[in-house]
Amino acid sequence: MIRRPPRSTLDRSSAASDVYKRQIKEHENEGGVQGRHQRYKSNCEIICTGMKELGFEQLLPDNLQAPIIITFKQPGDSSFNFEKFYNALSEKDFLIYPGKLTVAETFRIGCIGNLNENDMHDTLGPVKEVIQELALKIN
């Protein structure tokens, strides 16, 4: 007896194949690996420059920073509370990641995926607003 997958499985496989083909086409249109790397690098530079201008310090120097996720040191301000900072940004529809290091108190901002330069610039405004709303002293 030959067993065949249920019809719904075949339908999903076809839909998944269509999504995969679309993603491959988008990747090619972006310039492949080099094009995507350039977009991620540009995103990273915007976030790093903007966060530095706001007074945050990256954990890694620019020459070691990969354009994937950027780790920032939490401010030395004793009133800084990561949970409050996170929640305030979340309320503005921006999510950051808690740091997972033992060497320093940190948080992280991602710059890959379906994000572009406008998204990166749009992130910096809410960060500045939250600094003001929470009356944080950065530096």
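**Exercise 1. Find which residue of β4 stands opposite I69, and then describe the sheet around this pair.**

Solution. In this predicted model, the residue of β4 that stands opposite I69 is G110. The next step is to look at the two strands as a whole: β2 and β4 pair in the antiparallel sense, and five bridges join them. Another of the facing positions is F72, which stands opposite F107 in β4. Moving to the other side of β2, one finds that β1 and β2 also pair in the antiparallel sense, here over two bridges, and that F72 in β2 is the bridge partner of Q58. Taken together, the strands form an open sheet of four in the order β1-β2-β4-β3, with antiparallel pairing. The edges are held by β1 (57-58) and β3 (97-98), each of which has a single partner strand, so one side of each is left without a neighbour in the sheet.

**Exercise 2. Determine how α2 is built and which strands it lies across.**

Solution. Begin with the extent of the helix: α2 covers residues 32-53, which makes 22 residues, and from its first C-alpha to its last it reaches 32 Å, close to the 32 Å expected at 1.5 Å a residue. After the helix comes G55, whose phi is positive, near 105°. As for its placement, α2 lies across β1, β2 and β4, and runs at about 10° to β2. Finally, consider which of its residues are hidden: the buried ones include Y40, C44, I46, I47 and M51, and also polar residues such as R39 and N43.

**Exercise 3. Identify the residues with the most contacts inside the largest nonpolar core, and trace which elements supply this core.**

Solution. The largest nonpolar core has 24 residues, and those with the most contacts inside it are I47, M51, F56, F72, F85 and F107. At least two residues of this core come from each of α2, β2 (69-73), α3 (82-91), β4 (106-110) and α4 (117-133). To see how such a core is joined, take M51 and leave aside its neighbours within four places in sequence: M51 is then in contact with F56, F72, F107, I109, L124 and V127. In soluble globular proteins, nonpolar side chains tend to be buried together.

**Exercise 4. Describe α4 from its N-terminal cap to the residue that follows it.**

Solution. At the N-terminal end, N116 caps α4, with a side-chain oxygen 2.9 Å from the backbone nitrogen of N118. The helix itself has 17 residues and reaches 25 Å from its first C-alpha to its last, close to the 24 Å expected at 1.5 Å a residue. Along α4, the residues M120, T123, L124, P126, V127, V130 and I131 are buried, and what covers them includes α2, α3 and β4. The helix is followed by A135, whose phi is positive, near 50°.

**Exercise 5. Decide whether T106 and D77 are buried or exposed, and list what each is in contact with.**

Solution. T106 lies in strand β4, and its relative accessibility is 4%, which means that T106 counts as buried. Leaving aside neighbours within four places in sequence, T106 is in contact with T71, F72, K73, Q74, P98, G99, K100 and L101. D77, by contrast, lies in the loop between β2 and α3; because its relative accessibility is 16%, D77 also counts as buried. With the neighbours within four places again left aside, D77 is in contact with A135, L136 and K137. D77 and I138 are 61 residues apart in sequence, while their C-alpha atoms are 6.7 Å apart in space.

Terms used:
Residues numbered from 1 in each chain as written. Predicted model: local features only at pLDDT ≥ 70, side-chain atom pairs only at ≥ 80, totals over all residues. Heavy atoms only, no water. Expected span 1.5 Å × (residues − 1). Buried < 20%, exposed > 50% of the residue type's maximum accessible area, 1.4 Å probe, protein only. Core = buried A, V, L, I, M, F, W, Y, C linked by side-chain atoms within 4.5 Å. Contact = heavy atoms within 4.5 Å. Polar contact = N/O pair within 3.5 Å; in protein donor to acceptor, adjacent residues only side chain to side chain. Pairing = 2+ DSSP bridges. Axes fitted to C-alpha atoms, helices over the stretch in contact; angles between N-to-C directions.
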